[in-house]
Amino acid sequence: MMLLPPSTTHWFTIRQSRWGWVRLICSQNGLTSVSFADQESDLCDAPLPVVERLIETQTWSDAPSHLEFGYSEIEYPTRSSHVAIDIGGSPFQQSVWAALRRVPWGKTCSYAELAASLGHPRAVRAVGTACGANPLAVVIPCHRVLRSDGGIGGYRWGIARKQALLEYENKHIPLR
């Protein structure tokens, strides 16, 4: 996965999805932000990432295809995401987010397992913090990370949404 530096022009849309209201922001290079809320107004009032230029998109033809592909990925998650992304983050955050994209569909791991897989077994809290800073809900599947005791743990966009995503994936496990 190649992570590109943020560009200066961004497009956004706010739409209803099966998981609640979703705000997608993209540059010409890919998705830069995917956020959920229970009410549309929560996304309208939420602070937007700092960019030089932000263009509200009412129709898909007004923006790069990343918004349409991103929305499709959110509404109908697939087993492997091929959505282009354009995010920043520290090198450590980028390594955590890349590792999250390798957690298989319908599977979970613990924060400790994720930290160990990165070669930093004592960085459990740092991994949790990076998960909490994930800018791309569902596309970077931080909902697949649980506490070491099997508990659901936290989720930036709500525990109920995390549980619903995990249940959806478990019901749609590929046949082998």
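# Exercises on a predicted fold

At 8% relative accessibility, Ser-17 counts as buried; the cut-offs, with a 1.4 Å probe and protein chains only, are under 20% relative accessible area for buried, over 50% for exposed, and partly exposed in between. Keep in mind that this is a predicted model, where local features need pLDDT of at least 70 and side-chain atom pairs count only at pLDDT 80 or more, while totals for chains, interfaces and linings use all residues. Residues are numbered from 1 along each chain as its sequence is written, and side-chain values use heavy atoms, with hydrogens and water left out.

**Exercise 1. Lay out the secondary structure of the protein chain and its overall burial.**

Step 1: count the elements. The chain has six helices and six strands, where helices (H or I, at least four residues) and strands (E, at least two) are DSSP runs numbered from the N terminus.

Step 2: put them in order. Along the sequence you get β-β-β-α-β-α-α-β-α-α-β-α.

Step 3: check burial and contacts. Of the 176 residues, 45% are buried. Take the contacts (heavy atoms within 4.5 Å) with a separation of 6 or more: 60% of them come from residues 24 or more positions apart.

Step 4: look at the surface. About 9200 Å² is exposed, with 52% supplied by carbon and sulfur atoms; areas are from the Shrake-Rupley method with a 1.4 Å probe, and for residues only the protein chains shown count as cover.

**Exercise 2. Where does Ser-17 lie, and what does it touch?**

Step 1: place Ser-17. It belongs to strand β1, residues 9-17.

Step 2: find a polar partner. A polar atom of the Ser-17 side chain is 2.7 Å from the backbone oxygen of Gly-20. For reference, a polar contact is a pair of N or O atoms within 3.5 Å; within protein, one must be able to donate a hydrogen and the other to accept it, and residues adjacent in sequence count only if both atoms are side-chain atoms.

Step 3: list the other contacts. Skipping residues up to four places away in sequence, Ser-17 touches Val-22, Phe-36, Tyr-71, Ile-74 and Glu-75.

Step 4: follow that list to helix α2. Tyr-71, Ile-74 and Glu-75 are among its buried residues. Helix α2 (residues 66-75) has seven of its ten residues buried, and their cover includes β1, β2 (20-26) and β3 (31-37).

**Exercise 3. Describe two of the aromatic pairs and say which parts of the chain they link.**

Step 1: know what to look for. A pair of aromatic rings is described by the distance of the centres and the angle of the planes. Rings of Phe, Tyr and Trp (its six-membered ring) pair if their centres lie within 6.5 Å; planes under 30 degrees apart count as stacked, over 60 as edge-to-face and the rest as tilted.

Step 2: count. There are four aromatic pairs. One of them is Phe-36 with Trp-157, edge-to-face at 6.4 Å centre to centre and 85 degrees between the planes. This pair joins strand β3, home of Phe-36, to the loop between β6 (145-146) and α6 (159-171), where Trp-157 sits, 121 residues apart. Both of these residues, Phe-36 and Trp-157, are buried.

Step 3: try another pair. Trp-105 and Tyr-168 have ring centres 6.2 Å apart and planes at 75 degrees, so they're edge-to-face too. Here the loop between α3 (91-100) and β5 (109-110) holds Trp-105, helix α6 holds Tyr-168, and the two are 63 residues apart. Trp-105 and Tyr-168 are both buried.

Step 4: look for a cluster. Ring pairs link Trp-19, Trp-105 and Tyr-168 into one.

**Exercise 4. How do α3 and α5 cross, and which residues make the contact?**

Step 1: get the geometry. The axes of α3 and α5 (residues 124-132) come within 9 Å and cross at roughly 80 degrees. Axes are lines fitted to C-alpha atoms, for helices over the stretch in contact, and angles run from 0 to 180 degrees between N-to-C directions.

Step 2: classify the angle. The two helices, α3 and α5, are therefore roughly perpendicular: 65 to 115 degrees earns that label, under 35 is roughly parallel, over 145 roughly antiparallel and the rest oblique.

Step 3: name the residues. From α3 come Phe-92, Gln-93, Val-96, Trp-97 and Leu-100, and from α5 Ala-126, Val-127, Ala-130 and Cys-131.

**Exercise 5. Is Lys-162 buried or exposed?**

Step 1: find Lys-162. It lies in helix α6.

Step 2: read the accessibility. Lys-162 has a relative accessible area of 0%, so it is buried.

Step 3: list the surroundings. Beyond four places in sequence, its contacts include Tyr-111, His-143, Ile-152 and Tyr-155.
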